[in-house]
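Take a look at the structure below. This briefing walks through it topic by topic.

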Amino acid sequence: MTARRFFITLIVILLLAAGIDLLIGVAGHSLVSSAKGGDTARHRYINREMTDQLLVFGSSRAIHHYDPRVLADSLGVRAYNCGEDGSGIILAYMQLTNVLARYTPSIVIYDLYGQYDFMKEPDNSKYLLWERYFYGEGNEALDSVFHTIDKNEKWKMRSAAYRYNSRFLQLMSDNYRPRQNDIRGYRPLGDMPVDFVEPNPWPTVDLDDVKLEYIRRFAEKCKEHGVKLIVAVSPYYFPTVDEQLPAEVRAIFDTYGVMLFDHSADLDFVGKRCYFSDTNHLNASGAEAYTRKIASEVRRISGS
């Protein structure tokens, strides 16, 4: 093969690859916009459509512990649960920046998973997955998180295949037969198994400076926009010192005047199997009872 023919072939291959990537981008964007339900529609609502006045952020203990119906009935405002299994402050911060770019909620509740919300991990890129659909839409605060977590993300995100491929089956499912159901973002859990065995306590973890910085920015954003930020620690079946908040996090809350409602060892819940799905997560009955308690506390400090 002559050099000229080689370069022509290479150019054709590159153009085909670019065309395929462009088609993937068009299809992916369309599937996000048209999703009927499931995780795709839920995250689209949070990032592009939501206008609710009370929002809940956090990880699995957020999405499973706060019933927006109870919050709405008790406080007279529309509420939505933005929590996400296996996530935490990095995703929550990105979600918050997209919300604040469109409107200002009145109250934000962040459910804190003790020291585990700030655990140092080999790679924080997993927290970017759900926000890849919304990268490059003009929100510099969100885009900057990608660049902080991985300096190569700005180049990777130029590829639609990279942006959509890890969730393509989810996108298809959420357009034709959504598998996940939620109630204003809330997903209740079932009861604790009868053959439950007490787990071993978690070891002490090393704290991640990146996650500590994003809880600081989260608090700073709320203060800048006049949003009342409440940090809550929901109940554990077996509360231990492992779940206590790091001193660095308490210092951030003190700096920004963040209210802390710590129910980690709340005797109304601790050790009561009827309220738990496992040692770290409330079941539907526990979530309803706990949400009523939180709603009462929010109403008291709000003077309503």
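What follows is a short tour, from the overall fold to single residues.

The model is predicted. The protein has twelve helices and seven strands. Of its 304 residues, 50% are buried. Take contacts between residues at least 6 apart in sequence: 81% of them join residues at least 24 apart.

**The nonpolar cores**

- In soluble globular proteins, nonpolar side chains tend to be buried together.
- The largest nonpolar core here has 49 residues. Y110 and F218 have the most contacts inside this core.
- Helices and strands both feed this core. At least two residues each come from α2, β1 (54-58), α5, β3 (107-111), α6 (140-149), α10 (209-224), β4 (228-233) and α11 (247-256).
- The top contributor is α5, which gives nine residues.
- Another core lies apart from this one and has 21 residues. Among them are F261, F269, F276 and V298.
- Y110 reaches many parts of the chain. Leaving aside neighbours within four places in sequence, Y110 is in contact with F57, G58, G88, I89, A92, D117, I215, F218, L229, I230, V231 and A232.

**Helix against helix**

- How do α2 (residues 38-49) and α9 (residues 168-176) cross? Their axes come within 6 Å and cross at roughly 90 degrees. An angle from 65 to 115 degrees counts as roughly perpendicular, and α2 and α9 therefore fall in that class.
- On the α2 side, the contact is made by G38, D39 and T40. On the α9 side, Q170, L171 and D174 take part.
- By class, the residues of the α2 contact with α9 are one nonpolar, three polar and two charged.
- α6 and α10 pack at an angle of about 170 degrees, and their axes are 12 Å apart. Angles over 145 degrees count as roughly antiparallel, so α6 and α10 are roughly antiparallel to each other.
- From α6, the residues A141, S144, V145, T148 and I149 meet V210, Y214 and K221 of α10.
- The α6 contact with α10 has five nonpolar, two polar and one charged residues.

**A buried threonine in α5**

- T97 sits in helix α5 (residues 89-100).
- Is T97 buried or exposed? Its relative accessible area is 5%. Buried means under 20%, so T97 is buried.
- Setting aside neighbours within four places in sequence, T97 is in contact with N139, A141, L142 and K221.
- Two of these partners appeared above: A141 belongs to α6 and K221 to α10.

**Cysteines**

- How many disulfides does a search of the whole structure find? The search finds zero.
- C82 has a relative accessible area of 1%, so C82 is buried.
- C274 has 53% relative accessibility. Exposed means over 50%, so C274 counts as exposed.

**Residues in loops**

- M50 is in the loop between α2 and β1. A loop residue can still be buried: the relative accessible area of M50 is 0%.
- Not counting residues up to four places away in sequence, M50 touches Y45, L55, Y80, C82, V99, R102 and Y103. One of these, C82, is the buried cysteine described above.
- M50 and A79 are 29 residues apart in sequence. Their C-alpha atoms are 9.9 Å apart in space.
- Y275 lies in the loop between β5 (259-262) and β6 (276-278). With a relative accessible area of 23%, Y275 is partly exposed.
- Y275 touches D268, F269, L282, N283, S285, G286 and A289, not counting residues up to four places away in sequence. F269 is one of the residues of the 21-residue core.
- Y275 and Y290 are 15 residues apart along the chain, and 9.3 Å separates their C-alpha atoms.
- R184 is in the loop between α9 and α10. The phi angle of R184 is near 55 degrees, a positive value in a residue other than glycine.
- Where does R184 stand on accessibility? At 27%, R184 counts as partly exposed.

Notes
Residues are numbered from 1 along each chain as its sequence is written. This is a predicted model: local features need pLDDT of at least 70, side-chain atom pairs count only at pLDDT 80 or more; totals for chains, interfaces and linings use all residues. Side-chain values use heavy atoms; hydrogens and water are left out. Helices (H or I, at least four residues) and strands (E, at least two) are DSSP runs, numbered from the N terminus. Buried means under 20% relative accessible area, exposed over 50%, partly exposed in between (1.4 Å probe, protein chains only). Contact means heavy atoms within 4.5 Å. Axes are lines fitted to C-alpha atoms, for helices over the stretch in contact, and angles run from 0 to 180 degrees between N-to-C directions. Angles under 35 degrees count as roughly parallel, over 145 as roughly antiparallel, 65 to 115 as roughly perpendicular and the rest as oblique. Ala, Val, Leu, Ile, Met, Phe, Trp, Tyr, Cys and Pro count as nonpolar, Asp, Glu, Lys and Arg as charged, and the others, Gly among them, as polar. A disulfide is a pair of cysteine sulfur atoms within 2.5 Å. A nonpolar core is a set of buried Ala, Val, Leu, Ile, Met, Phe, Trp, Tyr and Cys residues joined through side-chain atoms within 4.5 Å.
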